Amino acid sequence: MQPSATESGTPATPCFDERLTVPRSWWLITVLVAVSGGLVLLPLGTVPMLGGLIAAGALAAAGVSSYGSARIRVVADSLVAGDARIPVPALGEPEVLDAGEARAWRSYKADPRAFMLLRSYVPTAVRVPVTDPQDPTPYLYLSTRDPRGLVAALQAVRGG
């Protein structure tokens with residue numbers, strides 16, 4: 001996704017940019033999945049075992065990499081979270097959620113209409129109400145390792 005252009009025509013630099021990468025332990029699990037793929041095909045010989053090892057490893061690595069490629073950015077006057085792009089003026093006051101509150105908003109407090117970019121391995125989050133009356137989404141739930149930085153970036157964009 002390309003950053004939006006400013007009025008001068010040059011690309012806008014992000015005020016906030018975070019990639020929600022997976023923990024290192026997930027890569028260890030990827031290696032174990034690859035080894036398992038090889039062991040399953042070991043009775044068929046060395047070449048099938050190596051093929052299973054490579055195929056299982058590639059599929060597991062692609063899945064882990066894809067899941068960990070989610071980004072949250074504040075660029076120009078927009079919040080870009082995953083595939084969603086929301087203008088900051090259509091958002092309300094952001095709220096920092098500590099680990100306990102984030103867990104509550106992921107579970108029993110959650111609204112099924114909400115946009116949730118959540119990653120279970122990120123304990124903190126930001127909840128931002130959507131104030132646009134045309135949008136049925138009540139709020140955005142964004143997992144982030146730097147909730148205060150995201151809130152500060154949103155407030156800086158809103159303040160001008």
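1. The open sheet. In this predicted model, four strands make up an open sheet in the order 5-7-8-6, and their pairing is mixed. Strand 5 (95-97) and strand 6 (115-117) occupy the edges, and each has a single partner strand, so one side of each is left without a neighbour in the sheet. On average, neighbouring strands of this sheet are turned by 15° against each other, direction ignored.

2. Strand 5, strand 7 and the helix on the sheet. Strand 5 and strand 7 (residues 125-129) run antiparallel and are joined by three bridges. Within this pair, V96 has V126 in strand 7 as its bridge partner. Helix 4 (residues 147-159) packs on the sheet, where it touches strand 5, strand 7 and strand 8 (139-143). The direction of helix 4 makes about 30° with that of strand 7.

3. The largest nonpolar core. This core has 26 residues, among which L79 and L150 touch the most other members. Two or more residues each are given to this core by strand 2, strand 3, strand 4, strand 7, strand 8 and helix 4. Helix 4 supplies the largest share, five residues. The contacts of L150, leaving aside residues up to four places away in sequence, are F16, I72, V74, L79, V126, L142 and T144. A second core, separate from this one, has seven residues, including L97, W105, A125 and Y139.

4. Strand 2, strand 3 and the turn between them. Strand 2 (71-75) and strand 3 (78-81) run antiparallel and are joined by four bridges. R73 is paired with V80 of strand 3 through a bridge. How many residues lie between the two strands of this hairpin? There are two, and A76 in the turn has a positive phi of about 55°. A76 takes this positive phi although it is not a glycine. With a relative accessible area of 30%, A76 is partly exposed, because that value falls between the limits of 20% for buried and 50% for exposed. As for strand 2 itself, four of its five residues are buried, so the strand is largely enclosed by the rest of the structure.

5. Strand 3 and strand 4. A second antiparallel pairing, again with four bridges, joins strand 3 to strand 4. Here V80 stands opposite R85 in strand 4; V80 is also the bridge partner of R73. The hairpin of strand 3 and strand 4 has two residues between the strands, and G82 takes a positive phi near 65°.

6. The two faces of strand 4. Which residues of strand 4 belong to its covered face, and which to its uncovered one? In strand 4 (residues 84-87), A84 and I86 form the covered face, whereas R85 and P87 form the uncovered one. The general rule is helpful here: side chains in a regular strand alternate between the two faces of the sheet.

7. R19 in strand 1. R19 belongs to strand 1 (residues 14-19). Is R19 buried or partly exposed? R19 is partly exposed, since its relative accessible area is 43%, and that value lies between the 20% and 50% limits. R19 and I72 are 53 residues apart in sequence, yet their C-alpha atoms are 6.5 Å apart in space. Not counting residues up to four places away in sequence, R19 touches S65, G68, S69, A70, R71 and R145.

8. Overall arrangement. The protein contains four helices and eight strands, which follow one another from the N terminus as β-α-α-β-β-β-β-α-β-β-β-α. Of its 160 residues, 37% count as buried. Among contacts between residues at least 6 apart in sequence, 66% join residues at least 24 apart.

9. Dimensions. The radius of gyration of the protein is 20 Å, whereas a compact globule of 160 residues would have one near 15 Å. Taken along the principal axes, the C-alpha atoms fill a box of roughly 65 × 45 × 25 Å.

10. Confidence. The average pLDDT of the protein is 88, and 91% of the residues score at least 70. Over residues 1-10, however, pLDDT stays under 50. For this stretch the model has 21 contacts beyond four places in sequence.

Note on methods: Residues are numbered from 1 along each chain as its sequence is written. This is a predicted model: local features need pLDDT of at least 70, side-chain atom pairs count only at pLDDT 80 or more; totals for chains, interfaces and linings use all residues. Side-chain values use heavy atoms; hydrogens and water are left out. Buried means under 20% relative accessible area, exposed over 50%, partly exposed in between (1.4 Å probe, protein chains only). pLDDT is the predictor's confidence in each residue, from 0 to 100. Contact means heavy atoms within 4.5 Å. Two strands pair if DSSP finds at least two bridges between them. Axes are lines fitted to C-alpha atoms, for helices over the stretch in contact, and angles run from 0 to 180 degrees between N-to-C directions. A nonpolar core is a set of buried Ala, Val, Leu, Ile, Met, Phe, Trp, Tyr and Cys residues joined through side-chain atoms within 4.5 Å. The radius of gyration is taken over C-alpha atoms; the globule rule is 2.2 Å times the number of residues to the power 0.38.
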